[in-house]
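New to this one? Here is an informal tour of some side-chain pairings, a helix and the nonpolar cores.

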Amino acid sequence: MAANRNIEDAQELFTRGHQAFNAGDHREAVECFSRVIRLRPDVSLAYRFRAYAYLELGDRISALNDLDQAIRLKPDDVQAYADRAAELYSQKAFDQAIADCDRVLQLDPGRAPMYGLRGRCHADRGDTECALRDFAMALANDPENASRYLLWRAQLHLDCEDFAAARADADAILAGDPENVEAYYTRGLALQQAGDPAAAAADFSEALKRQPDHALALLGRAFCHFARKDYPAVIADCDRVAALMPGLVRTYELRGVARKSLGDLDGALADFNEAVKLAPGSVMPYNYRAGVHYARQQYRAAIQDHMEALKKDPRHAGTFNQLAWVWSTCPDPDVRDGIRAKGCATRACELTEWSDPGFIDTLAAACAECGEFEEAIKWQQKALELVAGDPQKEADYRSRLELYHQNRPFRVAGNASP
């Protein structure tokens with residue numbers, strides 16, 4: 001009789017727990033399912049449903065423990081494996097998630113969404129071939145959810161820098177679902193990275209028409225505005241991103257550069273200070289802030305920030321180049337240091353395998369500062385060869401080459417930034 005009473009009580013508590021879960025009272029659901037488990041510790045379903053409640057409460061460790069127990073009690077529970085695979089994926093335990101996906105597909109080969117999840121696992125662990133194969137299987141076996149798999153595949157194509165393929169997948173989504181916000185956003189990224197900022201901005205704007213608070217679409221459009229030197233538009237979009245996602249470092253970096261380009265050094269400094277605060281271990285906020293110091297003729301402060309950036313990444317070629325430029329061309333003779341400049345410029349060129357014309361231009365300036373004008377001429381001519389076909393850069397580099405022919409070093413005008 002007691003055993004029957006336990007069964008009846010457990011069934012009633014399970015029903016109450018299910019009702020509480022559906023009503024959004026997840027703490028009450030956990031309590032009910034816990035009481036079920038105390039009465040009937042052999043019922044796997046109670047663990048699985050308590051795991052759902054724990055997930056809603058953000059207790060992912062307890063949820064995973066419950067899913068483990070559900071599987072121990074019922075080793076052929078397809079749904080428990082599927083749920084655990086999804087949670088393992090969210091916790092970036094990709095190999096374990098793949099193993100659970102494999103188990104689901106062994107037990108139920110028709111569960112097509114598991115191909116999609118396994119594809120995401122493969123994509124995130126860097127196995128592009130397996131990921132593409134799984135996405136193709138998901139598309140073939142679950143056409144009703146094709147948009148989801150196409151979007152995941154498009155994101156993988158973006159990561160692989162196959163922008164045409166990413167755009168094709170986004171086009172396929174929009175052909176069937178012209179209101180799909182993420183498809184516009186993803187296609188915008190593909191166009192942006194392929195070098196078409198105007199078309200990319202149009203797609204980001206389409207995404208924003210449908211979801212005005214899409215912060216990443218705003219940021220993407222801001223980068224497109226920046227490519228076209230529309231700095232007020234950059235600032236306007238970044239203002240909205242900062243309000244929506246105040247912890248996004250790139251927002252402050254981009255808005256700071258736009259403000260600096262418009263001559264708003266105070267605003268730029270405030271943005272770069274915020275970027276440094278948000279990402280003290282990153283290189284670029286320090287380098288950007290150094291540019292503001294340089295523009296204000298605070299050359300030692302600029303060097304200090306560049307040196308701080310170098311501590312964060314001792315192999316950052318851009319930082320070596322900027323230090324070399326300051327030490328080579330700074331108007332203040334007490335700051336210039338040709339020997340250190342040449343060492344940094346050489347290192348920047350080595351790190352980029354002597355392929356960056358700007359870095360070679362800096363090396364030429366460093367050589368000139370050291371009085372080594374033949375070397376300066378040699379490197380400046382090399383830099384000119386690398387920018388052939390770019391009239392603006394050619395003119396700039398030729399002007400310095402003329403100075404070196406006259407045995408004169410290059411000096412930046414008072415408030416010009418490196």
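D396 is partly exposed, with a relative accessible area of 35%. Keep in mind that this is a predicted model. The partner of D396 is R400: the two form a salt bridge whose closest N and O atoms are 2.9 Å apart. Both residues lie in helix 23 (residues 391–405), four residues apart, or about one helical turn. That spacing fits a general rule.  An α-helix has 3.6 residues a turn, so residues three or four places apart point the same way. R400 counts as buried, at 4% relative accessibility. R400 has a second partner to look at: its charged end sits over the ring of F410, 4.8 Å from the ring centre.

**More salt bridges**

Across the whole structure, a search turns up 34 salt bridges. Here are some of them, with the distance between N and O:

| Salt bridge | N to O distance |
|---|---|
| D77 and R48 | 3.5 Å |
| R336 and E369 | 3.4 Å |
| D396 and R400 | 2.9 Å |

Take D77 and R48. D77 is in the loop between helix 4 (60–73) and helix 5 (78–90), while R48 is in helix 3, so their salt bridge ties together parts that are 29 residues apart in sequence. Both ends are tucked away: D77 counts as buried at 6% relative accessibility, and R48 counts as buried at 11%.

The R336 and E369 salt bridge also links distant parts of the chain, 33 residues apart. R336 belongs to the loop between helix 19 (317–329) and helix 20 (338–351), and E369 belongs to helix 21 (residues 357–369). R336 is buried, with a relative accessible area of 19%.

**Rings that pair up**

Aromatic pairs turn up too, 13 of them in the whole structure. F33 and F49 make a tilted pair, with 6.0 Å from centre to centre and 40° between the planes. Since F33 sits in helix 2 (residues 26–39) and F49 in helix 3 (residues 44–56), the pair ties together parts that are 16 residues apart in sequence. F33 is buried, its relative accessible area being 0%, and F49 also counts as buried, at 17%.

F49 pairs with Y52 as well: the ring centres are 5.3 Å apart and the planes are at 70°, so this pair is edge-to-face. F49 and Y52 are three residues apart in helix 3, about one turn of the helix. Add F14, and ring pairs link F14, F33, F49 and Y52 into a cluster.

**Helix 13 and the cores**

Helix 13 (residues 215–227) has 13 residues and reaches 19 Å from its first C-alpha to its last, close to the 18 Å expected. Its buried residues include A217, G220, R221 and C224. What covers the buried residues of this helix? The cover includes helix 11 (181–193), helix 12 (197–210), helix 14 (231–244) and helix 15 (249–261). Just after helix 13, K229 takes a positive phi of about 60°.

Which residues have the most contacts inside the largest nonpolar core? They are M114 and F204, and that core has 80 residues. Leaving aside neighbours within four places in sequence, F204 is in contact with Y185, G188, L189, Q192, A217, G220, R221 and C224. Another core, of 41 residues, lies apart from the largest one, with A317, C344, I360 and I377 among its members.

How values were computed: Residues are numbered from 1 along each chain as its sequence is written. Side-chain values use heavy atoms; hydrogens and water are left out. Rings of Phe, Tyr and Trp (its six-membered ring) pair if their centres lie within 6.5 Å; planes under 30 degrees apart count as stacked, over 60 as edge-to-face and the rest as tilted. Helices (H or I, at least four residues) and strands (E, at least two) are DSSP runs, numbered from the N terminus. Buried means under 20% relative accessible area, exposed over 50%, partly exposed in between (1.4 Å probe, protein chains only). A charge sits over a ring if NZ of Lys or CZ of Arg is within 6 Å of the ring centre and within 35 degrees of the ring normal. The expected span of a helix is 1.5 Å times one less than its number of residues. Contact means heavy atoms within 4.5 Å. A nonpolar core is a set of buried Ala, Val, Leu, Ile, Met, Phe, Trp, Tyr and Cys residues joined through side-chain atoms within 4.5 Å. A salt bridge is a side-chain nitrogen of Lys or Arg within 4 Å of a carboxyl oxygen of Asp or Glu.
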